[in-house]
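Please load the model in your viewer and keep a selection panel open. The tour below moves from pockets to helices and then to aromatic side chains.

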Amino acid sequence: MQIGAQQAIGSPMPKKTFFNLPDDKRERITQLAINEFSAHPYRSASLSNIVAQAGIAKGSIYQYFQNKFDLYRWLVLEEIPRRKRAWMANHPPPTGLGFYEQLEHRLLMGFRFGMSLPHANRLAQALLEPTSDPQLLALHQSAQALTHQGMRALVEQARADGALREDIDTDVAAAFIAAVMRSGLSQLARLRTGHDLYTLLSKAHQGEVDFPESLQRQLVHEIVRMMQRGLAGREPPAR
C-alpha cells in the first residue's frame, strides 16, 4: 500500500501488544477477523463474534486495536495485501510475457489465491466495490484509486509497446480492464459453473466442487480474448 493512501485515511497499525502475542494466537485472531468481516457487511460484523471464537475477553481486543474500524482498516490495507504479495512472490510470471499474457497470468493467479485464501480474497475484493457507508468511503476510494493507478501504469506501458491502439484513453482502458477482471470474470464463472466467483473459490477450497486448471484457463482466456479484440483492434492469435 502506498503512502498516499495511508495519508488520506490514517496509518492502520495494531498496538504493540498485538505484535507481542505468540504467533499462533496472533494468527488465530487475525484469521477469525478476516472470516468475520468477509462474511458480513462492515456494520454487521461483530467484535464479540471474533473474541468469542478466539476464546479471549472482549476487552482484550481493545488492547490490540483502538476499535473495530482500526482492525478492519489494518486487515484490508496491510495484512491481506501482505499475504497476497507473499503468495504472488511464490508464483511469479514466466519471463517475456506480453501484455495480454500478463493479464491471463494475473487472472489465473487471482483464482489460485482466492482458492487458497477465499475469505481474504473476498474481503480484498469488497474494498474495490462502491460503498455508501460514510466511515468506509475514504478507505474504499483510496483503495480504488491505487488500483486504478497500478492498472493505468500497466496500460501505458502496453500502449507504448504497441499492444493497445493509440487512440484508446488510458484511464478508460484501465477502468475497463479492472471492471472486466472483477465483475466480468465473476459473471462468466457463474454462467459456466452455476456459482458466483466467491462461492466457487470457497467450495473449491473446501473440496466441494471441482475447479480444474483447464477450466480456470478457459475462463481466463475467453475474458482476455474479448478484451484484446477491443483494445488491440485485431484478432488474437489462435491458441
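**Pockets and rings: a selection tour**

Begin with the second largest pocket, whose lining comprises four nonpolar, one polar and five charged residues. The model is a predicted one. To locate this pocket, select Glu-101, Glu-104, His-105, Leu-108 and Arg-217, which are the closest to its centre among the 10 lining residues. Next, colour α7: this helix supplies six residues, the largest share of the lining of the second largest pocket. The volume of this pocket is about 160 Å³.

Now turn to the largest pocket, which holds about 1,800 Å³ of space. Its lining consists of 50 residues; centre the view on Lys-84, Ala-124, Gln-125, Leu-128 and Thr-147, which lie nearest the centre. Then display the elements that each give two or more residues to this lining: α3 (23-39), α6 (68-89), α7 (99-116), α8 (118-126), α9 (134-160), α10 (170-193) and α11 (197-205). Colouring the lining by class gives 28 nonpolar, 13 polar and nine charged residues.

Stay with α8 and show its side chains. Which residues of α8 are buried? They are Pro-118, Ala-120, Asn-121 and Leu-123. Add α3, α6, α7 and α11 to the selection, as the buried residues of α8 pack against these helices.

From α8, select Arg-122 together with Tyr-198. Arg-122 lies over the face of Tyr-198, at 4.1 Å from the ring centre. A second arrangement of charge and ring is found by selecting Lys-68 and Tyr-42: the charged end of Lys-68 sits over the Tyr-42 ring, 4.6 Å from the ring centre.

The last stop concerns ring pairs. How many aromatic pairs does the structure hold? There are 12 aromatic pairs. One of them joins Phe-18 and Trp-74 in an edge-to-face arrangement, with 5.4 Å from centre to centre and 80° between the planes. This pair links distant parts of the chain, given that Phe-18 belongs to helix α2 (residues 16-19) and Trp-74 to helix α6, 56 residues apart. Are these two partners buried or exposed? Both Phe-18 and Trp-74 are buried. Finally, extend the selection to Phe-19, Tyr-64 and Phe-65: ring pairs link these residues with Phe-18 and Trp-74 into a cluster.

How values were computed. Residues are numbered from 1 along each chain as its sequence is written. This is a predicted model: local features need pLDDT of at least 70, side-chain atom pairs count only at pLDDT 80 or more; totals for chains, interfaces and linings use all residues. Side-chain values use heavy atoms; hydrogens and water are left out. On a 1 Å grid over the protein atoms alone, a cavity is a set of points where a 1.4 Å probe fits but cannot get out, and a pocket is an open set with protein on both sides within 12 Å along at least five of seven lines; lining residues have an atom within 4 Å of a point. Grid points are joined across faces, edges and corners, and a volume is the space filled by probe spheres set on the points. Helices (H or I, at least four residues) and strands (E, at least two) are DSSP runs, numbered from the N terminus. Ala, Val, Leu, Ile, Met, Phe, Trp, Tyr, Cys and Pro count as nonpolar, Asp, Glu, Lys and Arg as charged, and the others, Gly among them, as polar. Buried means under 20% relative accessible area, exposed over 50%, partly exposed in between (1.4 Å probe, protein chains only). Contact means heavy atoms within 4.5 Å. Rings of Phe, Tyr and Trp (its six-membered ring) pair if their centres lie within 6.5 Å; planes under 30 degrees apart count as stacked, over 60 as edge-to-face and the rest as tilted. A charge sits over a ring if NZ of Lys or CZ of Arg is within 6 Å of the ring centre and within 35 degrees of the ring normal.
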